[in-house]
Amino acid sequence: MIENQKSALNHLKFKNSSMQKFSSPVITVEPEASIHETLLQMQTNFIKRIVVTLKNKPIGLVTERDISKFLEQDKTAKALDEIQIKYVMKKSPIVVPDGIDDHLEQCATRMETFNIGAVILVNDSGDLIGIVTKTDITNVFSKIYAGQYKVKNFMTKKLITCRKTDSLKYALAMINKNNISRLIVTDNKGIPIGIITTNTFLTHSNYFTKGQTRTRDYLLPLKSKNLQVKDLLNNDLLTIEEEEDLSKAASLMIKNKVSGIPVLDNDKNLVGVIDKTDVVKAFNKVKTDKDLSKKYGYLH
């Protein structure tokens, strides 16, 4: 059973008014919902994670990547409408209770500590009342922390890439093996030409037109053996230079609805990637740095 709740924006009363402005709508499913139903909700609502609830109590959280990894490893070859989401979800999600003044800071700290993409908000009875995601934190950072850091201060330098001529099966295996959301795609000279994500596979798969898709066929299009990574890429690649303001990178992520951007140096060489996880780390650090700056007259 699918259950669409109203936006947290409409029915949450936080002491911190910024939480009302920067919290996400909550889309939920019950534990007996199928993978098919859950994916359909993700695609319909343009989201990458869903809260699993039982009697309005959050009991789990499932992401697009969780489903992808589960289905890659599943050997039963069941149809997607035959597998309940309770077997895929991560149990005991991280929550923050209502009534705390610094909700955003609490949520961001938990995201970094537990390496998660969202924190669930509950009331005193443990009922679900909202959700804060890395997108929300990134949105806040883009609006209020201009001039604090450069992209190079927080970008990830360890890059996992694939070539445009690699097979789709290889690229999907790399995503799941490294527990990441995206691969930067390069040409034969190492120049970045695109990004391929779990969502790229989902939107190009035949899943929604094949009601009985089996798990082994889930994310790979028909005739995928003959397709290469370049066949799923468009010609638009969003990049940013390492000397740019981090708030600009955060703003670009929000505006373009992407979770990560390749980073180039002055010579247009690929030197890293900046994503929402990096912005959350910056958000957690900025208050300390601002306090030090005020106390000692410099930015630490």
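A salt bridge, in this tour, is a side-chain nitrogen of Lys or Arg within 4 Å of a carboxyl oxygen of Asp or Glu. Keep that in mind as you open the structure, which is a predicted model.

**Stop 1: a glutamate with two partners**

Select glutamate 243 and lysine 150. Their closest N and O atoms are 2.9 Å apart, and the two residues form a salt bridge. Glutamate 243 sits in the loop between β12 and α9, while lysine 150 sits in the loop between α6 and β9, so this pair ties together parts that are 93 residues apart in sequence.

Now add lysine 152 to the selection. Glutamate 243 forms a salt bridge with this residue too, with the closest N and O atoms 2.8 Å apart. Lysine 152 also lies in the loop between α6 and β9, so here the parts tied together are 91 residues apart in sequence. Through shared partners, Lys150, Lys152 and Glu243 become one network of salt bridges.

Are these side chains shut away? Switch on a surface and look. Glutamate 243 is partly exposed at 34% relative accessibility, lysine 150 is partly exposed at 36%, and lysine 152 is partly exposed at 35%.

**Stop 2: another bridge across the chain**

How many salt bridges does the structure hold? There are eight. For one of them, select aspartate 127 and lysine 57, whose side chains meet at 2.8 Å, N to O. This pair links distant parts of the chain, 70 residues apart: aspartate 127 is in the loop between β7 and β8, and lysine 57 is in strand β4, residues 57–63. Aspartate 127 has a relative accessible area of 18%, so it counts as buried, because the cut-off for buried is under 20%. Lysine 57, at 33%, counts as partly exposed.

**Stop 3: an aspartate without a bridge**

Move on to aspartate 265, in the loop between β13 (260–264) and β14 (270–275). Which side chain of opposite charge is nearest to aspartate 265? It is that of lysine 268, 7.9 Å away; aspartate 265 is buried yet has no salt bridge. What you can find instead is the backbone nitrogen of asparagine 269, 2.8 Å from a polar atom of the aspartate 265 side chain. Leaving aside residues up to four places away in sequence, aspartate 265 touches Glu241, Glu242 and Val271.

**Stop 4: the sheet on either side of that loop**

Colour the strands β12, β13 and β14. They make an open sheet of three strands in the order β12-β13-β14, with mixed pairing. β12 (240–241) and β14 stand at the edges with a single partner strand each, so one side of each has no neighbour in the sheet. β13 and β14 pair in the antiparallel sense over five bridges. To see them facing each other, select leucine 264, which stands opposite leucine 270 in β14.

**Stop 5: the nonpolar cores**

In soluble globular proteins, nonpolar side chains tend to be buried together. Here, the largest nonpolar core has 31 residues, and the members that touch the most others are Ile137, Phe141, Ile240, Leu246, Ile274 and Phe283. Among the elements that give this core two or more residues are α5 (103–114), α6 (134–144), α9 (246–256), β13 and α10 (276–296).

Zoom in on isoleucine 274. Its contacts, not counting residues up to four places away in sequence, include Val151, Phe154, Met155, Ile240, Leu246 and Met253. Apart from this core lies another, of 17 residues, among them Ala33, Val62, Ile67 and Met89.

**Stop 6: helix α7**

Next, select residues 168–177, which make up helix α7; Leu168, Ala171, Leu172, Met174, Ile175 and Asn176 are buried there. Which elements do the buried residues of α7 pack against? Show α4 (64–73), β9 (161–163), β10 (182–186), β11 (192–197) and α8 (198–204) to see them. After α7 comes asparagine 179, whose phi is positive, near 55 degrees.

**Last stop: phenylalanine 114**

Finish in helix α5, where you will find phenylalanine 114. Its relative accessible area is 46%, so phenylalanine 114 is partly exposed. Draw a line from its C-alpha to that of isoleucine 94: the two residues are 20 apart in sequence, and the line spans 8.5 Å in space.

Methods: Residues numbered from 1 in each chain as written. Predicted model: local features only at pLDDT ≥ 70, side-chain atom pairs only at ≥ 80, totals over all residues. Heavy atoms only, no water. Helix = DSSP H or I, 4+ residues; strand = E, 2+ residues; numbered from the N terminus. Buried < 20%, exposed > 50% of the residue type's maximum accessible area, 1.4 Å probe, protein only. Lys, Arg positive; Asp, Glu negative; His and termini not counted. Polar contact = N/O pair within 3.5 Å; in protein donor to acceptor, adjacent residues only side chain to side chain. Contact = heavy atoms within 4.5 Å. Core = buried A, V, L, I, M, F, W, Y, C linked by side-chain atoms within 4.5 Å. Pairing = 2+ DSSP bridges.
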